[in-house]
Every structure is written in C-alpha cells, then in structure tokens.
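Open your viewer and get ready to click through a short tour. We will begin at one helix and then step back to take in the whole model.

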Protein chains: 2
Amino acid sequence: MKLYQSNASPNSRRVRIFLAEKSISMPLVPVDLGAKEQFSDAYAAINPRRVVPTLVLDDGTAIGEVPAILRYLEEVHPEPRLLGVTPRTKAEVAMWERRAEMEGFASAMEAVRNAVPGLRNRAIAGPHDYEQIPALVERSRLRVRNFYADFDARLGEVPFVAGDQFSVADITAIVTVDFATKAAGLPMPEQHVALKRWYDSVSTRPSMAA
Amino acid sequence: MKLYQSNASPNSRRVRIFLAEKSISMPLVPVDLGAKEQFSDAYAAINPRRVVPTLVLDDGTAIGEVPAILRYLEEVHPEPRLLGVTPRTKAEVAMWERRAEMEGFASAMEAVRNAVPGLRNRAIAGPHDYEQIPALVERSRLRVRNFYADFDARLGEVPFVAGDQFSVADITAIVTVDFATKAAGLPMPEQHVALKRWYDSVSTRPSMAA
C-alpha cells in the first residue's frame, strides 16, 4: 500500500492522522499541487477526479475519497477502532463524521476556493473547471460559524464528537478547525468554551502532528 | 426500528430502496415537509438537523444522515450485501457511492434549492436559514451534466457503478437521475448510451418502486 498525498492538503491530513492513530506506516508519495501535478496523465490514471489523497493497494486498486480510504484501512487494520465498534456506534460515528465534514470542512473549503485568486476557475476540486462565485464566500463563512456554534453545543453534552469515544469524527473536526483557522481566517470564537475544551484536549494527541 | 421519512424526499427514497432490496420491513413514519413538520419541536428532538430521513432504533437512538442509516442496516441485516463484501469492494462501493452523491445528487439538489421560489431563504437544508444564490443554479446544472458524462464513461467500462455487482452506488445514482429529471428538468442526454443501458437495466428492479 502507498498513499498519494500532499502536506498542503487538509484531506490528506485526515488520512495521515488516521494512519498515525493506528500506527500504520506506508510510503507517502508526494503530489505537488503547486506544480499542478494532480492534473498530470500519470496521476489522472490513478485518480480520475485528480484530487488527493489516493490509496493504492498492492494489487494496483486505487481508492479515492477520504471516507472510502478510511473504511479500507479500518477493515484491514481494525485496532484501535476509529469507525465505531457496534452497529449503533458505527452508525453514530458515520453520522457525526459526516456532519463535521458537510457542515464544517466543506464550508471552510468552499469559503477558501471561491476567494483565492489562484483558484479563479477552480472553485470546485476535480476534473472540471468551475468559476468562483463571490457570493458563496460570505455564505460559506457563515456556515463555518454555525458549525462552530452547533458543535460547541454538542460538545457541551459529550466528551468527543461522536459520544464517549475518540473517533474519526474528532479527526475530521480537528482538521476542520485548523484549516478554517489558517486558510479561511476563521478561528473558534472565544465564547465556545465546550468546543475549546474539546480542541485543547484532542489536539495534543501525538497523531495530530501528522 | 422505525424510519421517519417523506415520500417527497429523494434522500428518503435512497433508504426505502435499500430496505426493499434487503426485504426489511419497518414502520415508515411520515414527516410532512409541506407543512414544515420537520421544524416542529418533536422532530427537532429526534434530528437536530431537522431533515429526513431519520432511523430510530428500539433503544431510542436516532440515526440521521443516509450513509449512516445504511451502514447500520447493513450491519444488522447483512444480506444481500449492498456496501461491498471484501475490504477492497467495501472501499470501492464507498468511493463510487460518494462520487454519485457529491457530483450528482448534491448538484441536482443545489440546483433545485437555489431556484424554487418557496425555498427563498432555505437554500441549504438544516437548522439554519441561508439565502438562495442565483448564480449557483447554472453552475449546479453544469455539474449535473458533467456527472452524466463522467458516469456514462464509467458505465462504458463496468456493468454497475461500483464494478461487477449491484450496490448502494447504483441506488444513489438512480435516485439522482430520477430527481434531476423530475425536479431540475435535467434528464439524461440521449448520447450517453452506456448510462442509458445501465439505467434501463437497474431501474426495472422491483425495489425502485419504493
């Protein structure tokens, strides 16, 4: 197995943290996004969506999309469990990981991709060009603020995003906070004390340096 | 178990088809979206995102988000397998189901929600109000057309969306085609013969009437 990825990509970081939590080591093959290497014929043959990361198995099968990559890794290397243990907790982790991604991560990404001058016709990652829509920037930033407020309420009730146990939902939420802070200039508001308590606790895990 | 859902909701239809494929029967509790029943206090207590569908387990646990609901159902009622069988096919199904949803289903939904007069401040489903952005309508319609072209290419190579076997990726793609056709006025273009071959074959399954 090897992982095609970029140190500049928050989606790649989701996988790197997951690997670190499971103590899985594998070759990381850098894809130079700055040099648009993801659009090369060689990379398009691996991932037709031309995005990172991609996990390539020993038989040559290429798995794209972060939740699909993480599902594979959990299947072949189950411990420690990061996608839940029982049918109920598997569903709860899937639900909360998706909420973190759709409400937080995707909103922060949309805010950045519709604003950065270098991505003028690249508002959506993938094989097709899409023009930026300036009106999306403010709406996306509002969505990130709503994500912070909603997850602050959630984390006032439970220690981790999906409940009692650390899971992939925490990984996606941590990557979201860091990405929104650094790339979108949207740090967690001071008044969200439960969110801050969770962040301060989870972000000190050694895996988070990945 | 019971499923809170709406016959008018394409996300609910994804679950109904999945249940029919597995011959699982459970009470379907209607949520009247036209009467805004999803915003009632009773429903918000079940699903804080105020969207359908929600699966409520016998112990009262409420599972929202379609992929989380389907993960639970596959765990407790594995046959016939709709989320893959081996680690590799589980990952491939997850990857293709997600592509169908993000590129096709979400694009069609965005095109509709940003255009319909009755959803003026409801461009995104969930607990928060967001104004429509007219510029999103055309971009979303272009994304649906690109989804059709990309999946036509895919289905020129394999019989089903995720490969050799019928899976949840086909369910999401069929629901997308039907929703884009009926709600967004975006039927499959005639020239996509592989897509049409797949649709004509899969849409005749008895589950698709669900």
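## Stop by stop

Start by selecting α7 of chain B, then show its surroundings: the cover over the buried residues of α7(B) includes α5 (134-155) and α6 (168-184) of chain B. Keep in mind as you look that this is a predicted model.

Which residues of α7 are buried? Within residues 193-202 of chain B, pick out B:Leu195, B:Trp198 and B:Val202, which are buried. Look down the helix axis: these residues span an arc of only 65° around it, so they sit on the same side of α7(B).

Now turn to the face of α7(B) that points away from the buried side. Here you will find the exposed residues B:Val193 and B:Asp200.

Next, move to chain A and select residues 86-210, where UniProt, in an unreviewed entry, places the feature "domain: GST C-terminal". Colour this stretch by secondary structure: it is 61% helix and 0% strand. Its end C-alpha atoms are 28 Å apart.

Zoom out to show both chains. A turn of 180° with a shift of 0.0 Å along the axis lays chain A on chain B, with an RMSD of 0.0 Å. The two copies are therefore related as by a two-fold rotation axis.

Where do the copies meet? Select the interface residues of chain A: 100% of them are also interface residues in chain B, so the copies meet through the same surface.

Last, colour chain A by confidence. Its mean pLDDT is 97, and 100% of its residues reach 70 or more. The model as a whole scores ipTM 0.97 and pTM 0.97.

Methods. Residues numbered from 1 in each chain as written. Chains lettered and ligands numbered in written order. Predicted model: local features only at pLDDT ≥ 70, side-chain atom pairs only at ≥ 80, totals over all residues. UniProt positions renumbered as here; feature names shortened; annotations may be inferred. Helix = DSSP H or I, 4+ residues; strand = E, 2+ residues; numbered from the N terminus. pLDDT = per-residue confidence, 0-100. Least-squares fit on C-alpha atoms with pLDDT ≥ 70 in both. Contact = placed C-beta atoms within 7 Å. Buried ≥ 20, exposed ≤ 12 C-beta atoms within 10 Å, placed from the backbone. Arc of directions from axis to C-beta.
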